[in-house]
Structure formats: structure tokens, C-alpha cells
Amino acid sequence: MSEQEFIPAELKNLAGSGETTWRAPSNIALVKYWGKYPGQIPANPSISFTLSTSATTTGIKFNKQGDGREKPSFDLLFEGSPNRAFEPKINSFIERILPYVTWLPFYHLHINTSNSFPHSSGIASSASGMAALSLCIMDMEKKMNPGMSDEHFYRKASFLARLGSGSACRSIEGPIVSWGKHDHIKGGSDLYGTAFTDPVHQVFQNFQDTILLVHKGTKTVSSTAGHALMDGHAFAAQRFAQANRNLISMTDVLAKGDMDQFIELVESEALSLHAMMMTSIPYYLLMKPNTLAIIEKVWEFRKETGEALCFTLDAGANVHLLYPGESSEKVLQFIKNELVVYCEKGQYICDHIGAGAKKI
Ligand code: PMV
């Protein structure tokens, strides 16, 4: 499979106008993507749970304009108000996807987007945001090419989302998605995410992710800068090899439902990700004192109760708590009693594993 597959044949029946809306969820990686090659090609394969509650809903109203020689134009409403802060990101996304959506310059796009999670909650909206936008664009393409297969539709949506933000390619389908070539993953590709089709133990069916909002401000170092610091990183080769090994172990754990091994892998992946940040040159820290306090509390709770509760981290200070649905009552009580004090304004988000994006 190559990029060529995603360049459309000349579309003759360009729609005059229309509209489309998609809701795409966020995702949380179990084996992390950290480090990339030019063209958003991941340095190692990753695998994630698709989430459900944390999502972006994006609508596009499109109108045909001009002769296709200009760049596509757009205006944007974020949560109901014009927002220019997103324009550079969307401009560079459009620039990157243009070779694969050659019909786009014929259009003006009215984009209307909103997140289910509070603004500046420290939750990255780039994965859900880029996924929802890509699905709207694919819906436009499908209107002009109605014979397009569902497989191509979702695969290309993931391909486009990847060009916007790497991990966004794992926010199209669900409930578990891998991204990156690997001998153990059937059909795995560096170009798009694929729904994980190997057997999955029933313990993961109703898995919960409670996101503790430790720090809601902007990060001191962006993910883009963090990925770039893996270039020439002293431990890059070891990290990429570790992620490849962990992916094999994770597919085994997902099949068997061995919670001890799941916990060990997930927590080790989270700490390895942050270890890369701490050992980059320049080095930096995204964890906050409250992040560490929560981690210590989780370890204590697990030791005392034997509940299968573990933590993972994105590139930020917030903590994702992962646990089986049947542990919900005990874990939520523990969060309320002991962890809320470490959350900014006492805020946390209850999310769970989900089926993927939906057309609205
Ligand atoms: O998609 P990006 O470029 O924002 O990278 C995000 C990477 C992590 O969230 C830290 C890990 C992952 O695999 O999602």
C-alpha cells in the first residue's frame, strides 16, 4: 500500500454545495508513538484504546467557488465563535493533504467545531479534531465518488488525519487501533491506523479511562518539538526496539486478559515516554508534583485492594486511570476520596473505550 492509492482519479461531478458533520473521539495509547520521520511516519508502531466521551464534533458547509487554481479557503467557528488561533494549524493541514484531495481548491469551507471536554483542559484535541475534520473531507469526496468502498473511506480518513497529527489516525475506528508496520499486526501500516482484529479478552470490553486533570495550562514543550528531540536522542534505538517488543507483548495480553502483565506494560510505556523527555537534549519535564502524587496513590491502592487499576500518561501532566468496568464503583470512590485533591479545580473526566467516529 502506498501514498499513490490515496490520490483520487479526476472527479468530474463536483458537488455545488452541501454539508456534513462528524463526531470523532480522542484515543489513549497503550504502546506510545514517540519520534517520527518526515511525512509523519512513526519511528515505532503504537496501539491505543479509542475513547468515547472525549470527542470533537465538526461540521463543514461547503460551496463551490472559482476554477480550482486558488488554495481552498475556509472560515472557522470554535464553540460558536470565530477563532483565528486554529487557522495556522488548519492551513498547514490543508497544505499537507492537498496532493490527496486535489478537488479541494474548488471549495470554500465553513468549519464549525466544538469539543466535548472543557476548553484548555490540557486534553489534546488534535487527535479528535484532525480525525473529525478528515472524516468531513472524506464525506465530501464520497459525495463526488459515491462508489467509494467503506474500507477506502475510513482508511483514507485515517491517512489524512495522520498528516494533521500522527496519533489522530487512531481516532477514526475503534475500539482498539494500531498504527505502524509490525510483523505481528496483520495489515498494519505506517500510513494509517487499522482496527485491531485479533482476539481481545472480554475484560477489555467495558474498559474505563478516567482522566484526572492535573494541569490545564499549555505545555512548556509541544509534542511536535518532543518528537523532533527523538532525532539523535541517546536512547532512541533502544526506545524504538522496546516499543516494538511491547507491541508483541500487548497483543498477547489483549488476547489473554492477563491484568498484571497489562498493568506492567501500560505503566512502563507511560514512564518510558516521559523518560525520553527527561533524557532529551534539551531535557524537560511535563509531569507535575501532583502527577507523581497520583501515581504513588495508585500504587498504594493497588497493593491494598488488588484492583486492576493502572495509570498512563500522554505528553502532559494529566493522568489517565485505566480499569475494568467491574471495578468502577471502588475506583470512583477512591478517586473522590483521595485523588480529586490533586486535580486542578477538582476536575476529572469519566471516559471509556468506544467504537470510533460517527456521522451526525
Ligand atoms: O499525535 P501527536 O504528534 O500529538 O503525538 C502524540 C504522542 C503521544 O500522545 C504522546 C503518544 C501516542 O501514541 O498517542
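These notebook entries record what I looked up in the structure.

**Entry 1. Ground rules**

I note that this is a predicted model, in which local features need pLDDT of at least 70 and side-chain atom pairs count only at pLDDT 80 or more, while totals for chains, interfaces and linings use all residues. Residues are numbered from 1 along each chain as its sequence is written, and side-chain values use heavy atoms, with hydrogens and water left out.

For helices and strands I follow DSSP runs, numbered from the N terminus: helices are H or I runs of at least four residues, and strands are E runs of at least two. I call a residue buried under 20% relative accessible area, exposed over 50% and partly exposed in between, with a 1.4 Å probe and protein chains only.

**Entry 2. The ligand**

I looked up the residues around the ligand, where a residue is near if one of its heavy atoms lies within 4 Å. There are 13 residues around the ligand, of which Tyr33, Ser165, Ser167, Arg170 and His227 come nearest. By class, I find five nonpolar, five polar and three charged residues in this shell. In that scheme Ala, Val, Leu, Ile, Met, Phe, Trp, Tyr, Cys and Pro are nonpolar, Asp, Glu, Lys and Arg are charged, and the others, Gly among them, are polar.

I then looked up polar contacts, which are pairs of N or O atoms within 3.5 Å; within protein, one atom must be able to donate a hydrogen and the other to accept it, and residues adjacent in sequence count only if both atoms are side-chain atoms. A polar backbone atom of tyrosine 33 is 2.9 Å from an oxygen atom of the ligand. From serine 165, a polar side-chain atom lies 3.1 Å from a ligand oxygen atom. Aspartate 314 also places a polar side-chain atom 3.4 Å from an oxygen atom of the ligand. On its own the ligand has 380 Å² of accessible area, and the protein covers 91% of that. Such areas come from the Shrake-Rupley method with a 1.4 Å probe; for residues, only the protein chains shown count as cover.

**Entry 3. Helix H2**

How far apart are the end C-alpha atoms of helix H2? I find them 27 Å apart, which agrees with the 27 Å that its 19 residues (126–144) should span at 1.5 Å a residue. The expected span is 1.5 Å times one less than the number of residues. H2 is mostly covered, with 16 of its 19 residues buried.

**Entry 4. Aromatic rings**

I counted rings of Phe, Tyr and Trp (its six-membered ring) as paired if their centres lie within 6.5 Å; planes under 30 degrees apart are stacked, over 60 edge-to-face and the rest tilted. The structure holds 18 aromatic pairs. In one of them, phenylalanine 207 and phenylalanine 262 meet edge-to-face, at 5.4 Å centre to centre and 80° between the planes. This pair links distant parts of the chain, 55 residues apart: phenylalanine 207 is in the loop between strand S9 (193–195) and strand S10 (208–212), and phenylalanine 262 is in helix H6 (residues 259–278). Both phenylalanine 207 and phenylalanine 262 are buried. I also find Phe6, Tyr100, Phe159 and Tyr192 linked into a cluster by ring pairs.

**Entry 5. Single residues in loops**

Serine 189 lies in the loop between strand S8 (176–179) and S9. Serine 189 is buried, at a relative accessible area of 7%. A polar atom of its side chain lies 2.9 Å from the backbone nitrogen of leucine 191.

I found phenylalanine 204 in the loop between S9 and S10. At 1% relative accessibility, phenylalanine 204 is buried.

**Entry 6. Backbone geometry**

Which residues does a cis peptide bond join, with omega about -10°? They are glycine 174 and proline 175, and proline 175 lies in the loop between helix H3 (150–164) and S8. A cis peptide bond also joins isoleucine 281 and proline 282, with omega about -5°; proline 282 is in the loop between H6 and helix H7 (289–305).

I looked up positive phi values in residues other than glycine. Glutamine 40 has phi near 55° and sits in the loop between strand S2 (36–37) and strand S3 (41–42). Lysine 345 has phi near 55° and lies in the loop between helix H8 (328–339) and strand S13 (348–352). Glutamine 40 is buried at 7% relative accessibility, whereas lysine 345 is exposed at 71%.
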